[in-house]
Amino acid sequence: MSMNPQDRDHLLFFLFFCFSFMLFGIGINYGNAHPYTYVEAKTEASPPPTTEATTEAAPPATEAATEAERPFVVVIDAGHGGVDTGSFFKPEEGKINEKTVNFKIAKYFKRALEKYDNVTVLMTRTTDKYLELVERTDFAINHDADVFVSVHNNTLVGAGGPASGSSVAVSMGNYKEEIGKKSQELGVCISYELKKLGLKENGLIMRSSESYTYPNGRAADYYATIRNVMEDEIVSVIVEHAFIDNEDDFYDFLCTKEQLKKIGEADARAVARYLQLPLKETGKVPEALSNYKIKICHTKKNGTSKRYSKRYFKN
């Protein structure tokens, strides 16, 4: 059947209108099928305010717990080493260098101290190696040490006559007074333990630097291994266990492995007593010292020395 042009135009317009309406309806339905797409994405990227507050509060609590559980760090410094032999004793069987004796004591010291709980023990050198003093103290600083013990033995050279026994160099307390006091208390504990072995107790040695002052303007400690770590609040001492070139001291205390082991163990007991460390095996904590009197020799900047006695751990 033929259709006139006017009727054909009307039919085409009607079909176009129906097809357009159908496409519009499909577009509306697709949008309604995913009405919260943008909202859901926004919710995932932005947690609720309460969650953020909890996250921000957690790290400080964790850091505080970690700090509370952190063991003490004790650095043992075997004095001298490498080309620096230190003093020496030359018996008939051959020359004995101080660096070797120091190192053996330090190893026994470390081994004995590791029998206690709540402590990490490190050594500045584990071989016959030369180290500058600043390298030794930087090691302690970089490892966040609490205690630094430099292991030495004395010499008759410059002693002005026969000498024997032990002494401990400690801080004067001119700067960071609490750390200075702790240095002296650790020195007392070490001196006490060495005296129990039979070594003559010469007491604590303090010496003022002729060249350095602390930030507060007061004379700095003479000994670099004490002075260099003061700003970082590390308790530092230097132990002169015996006079290596005194024949009696050498044969009585420094001659055999057994003797050196006893000295290292005495050092360990002293540090454990000072830090109140429990033995791993028994949990027993060394008894704290009480009202201990000790001699002190303080050498001033002008070279004059003041000698006196002082009591520590007063009840």
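Which residues are linked with Glu-193 in a network of salt bridges? In this predicted model, Glu-193 is joined in such a network with Lys-196, Arg-269 and Arg-273.

## Salt bridges between distant parts of the chain

The model holds 10 salt bridges by the rule applied here. One of them pairs Asp-146 with Arg-70, whose closest N and O atoms lie 3.1 Å apart. Asp-146 sits in the loop between helix H5 (133–142) and strand E5 (147–154), while Arg-70 sits in the loop between helix H3 (49–69) and strand E1 (72–78), so the bridge ties together parts that are 76 residues apart in sequence. Both partners are partly exposed, Asp-146 with a relative accessible area of 22% and Arg-70 with 24%.

A salt bridge is also formed by Glu-233 and Lys-176, with 3.3 Å between the closest N and O atoms. This pair, too, links distant parts of the chain, since Glu-233 belongs to the loop between helix H7 (224–227) and strand E9 (235–243), whereas Lys-176 belongs to the loop between strand E6 (166–169) and H6, 57 residues apart. Glu-233 is partly exposed at 44% relative accessibility, and Lys-176 is likewise partly exposed, at 25%.

## Helix H6 and the residues around its end

Helix H6 covers residues 177–196, and its 20 residues reach 29 Å from the first C-alpha to the last, which is close to the 28 Å expected at 1.5 Å a residue. Just after H6, Gly-198 takes a positive phi of about 110°.

Lys-195 forms a salt bridge with Glu-201, the closest N and O atoms being 3.9 Å apart. The two partners differ in their cover: Glu-201 counts as buried because its relative accessibility of 14% falls under the 20% cut-off, whereas Lys-195 is partly exposed, with a relative accessible area of 45%.

## A positive surface patch

Lys-104, Lys-107, Arg-111, Lys-115, Lys-257 and Lys-261 together form a positive patch on the surface. Two helices, H4 (98–113) and H9 (257–275), each supply at least two of the patch residues, and H4 gives the most, with three. An α-helix has 3.6 residues a turn, so residues three or four places apart point the same way.

Among the patch residues, Lys-257 is found in helix H9. Lys-257 counts as exposed because its relative accessible area of 57% is over the 50% cut-off.

## Positive phi outside glycine

Asn-118 is not a glycine, yet its phi is positive, near 65°. The residue lies in the loop between H4 and strand E4 (119–123), where Asn-118 is partly exposed, with a relative accessible area of 35%.

Phe-313 also has a positive phi without being a glycine, the value here being about 55°. Phe-313 is placed in the segment after E11 and is partly exposed, with a relative accessible area of 22%.

## The segment after strand E11

Lys-314 lies in the segment that follows strand E11 (305–312). With a relative accessible area of 62%, Lys-314 is exposed. Although Lys-314 and Ser-290 are separated by 24 residues in sequence, their C-alpha atoms are 6.0 Å apart in space.

Methods:
Residues numbered from 1 in each chain as written. Predicted model: local features only at pLDDT ≥ 70, side-chain atom pairs only at ≥ 80, totals over all residues. Heavy atoms only, no water. Patch = residues over 30% accessible without salt bridge, like charges linked within 9 Å, V, L, I, M, F, W, Y side chains within 5 Å. Areas by Shrake-Rupley, 256 points an atom, 1.4 Å probe, with all protein chains shown as cover. Salt bridge = Lys/Arg side-chain N within 4 Å of Asp/Glu carboxyl O. Lys, Arg positive; Asp, Glu negative; His and termini not counted. Charge placed at Lys NZ, Arg CZ, Asp CG, Glu CD. Helix = DSSP H or I, 4+ residues; strand = E, 2+ residues; numbered from the N terminus. Buried < 20%, exposed > 50% of the residue type's maximum accessible area, 1.4 Å probe, protein only. Expected span 1.5 Å × (residues − 1).
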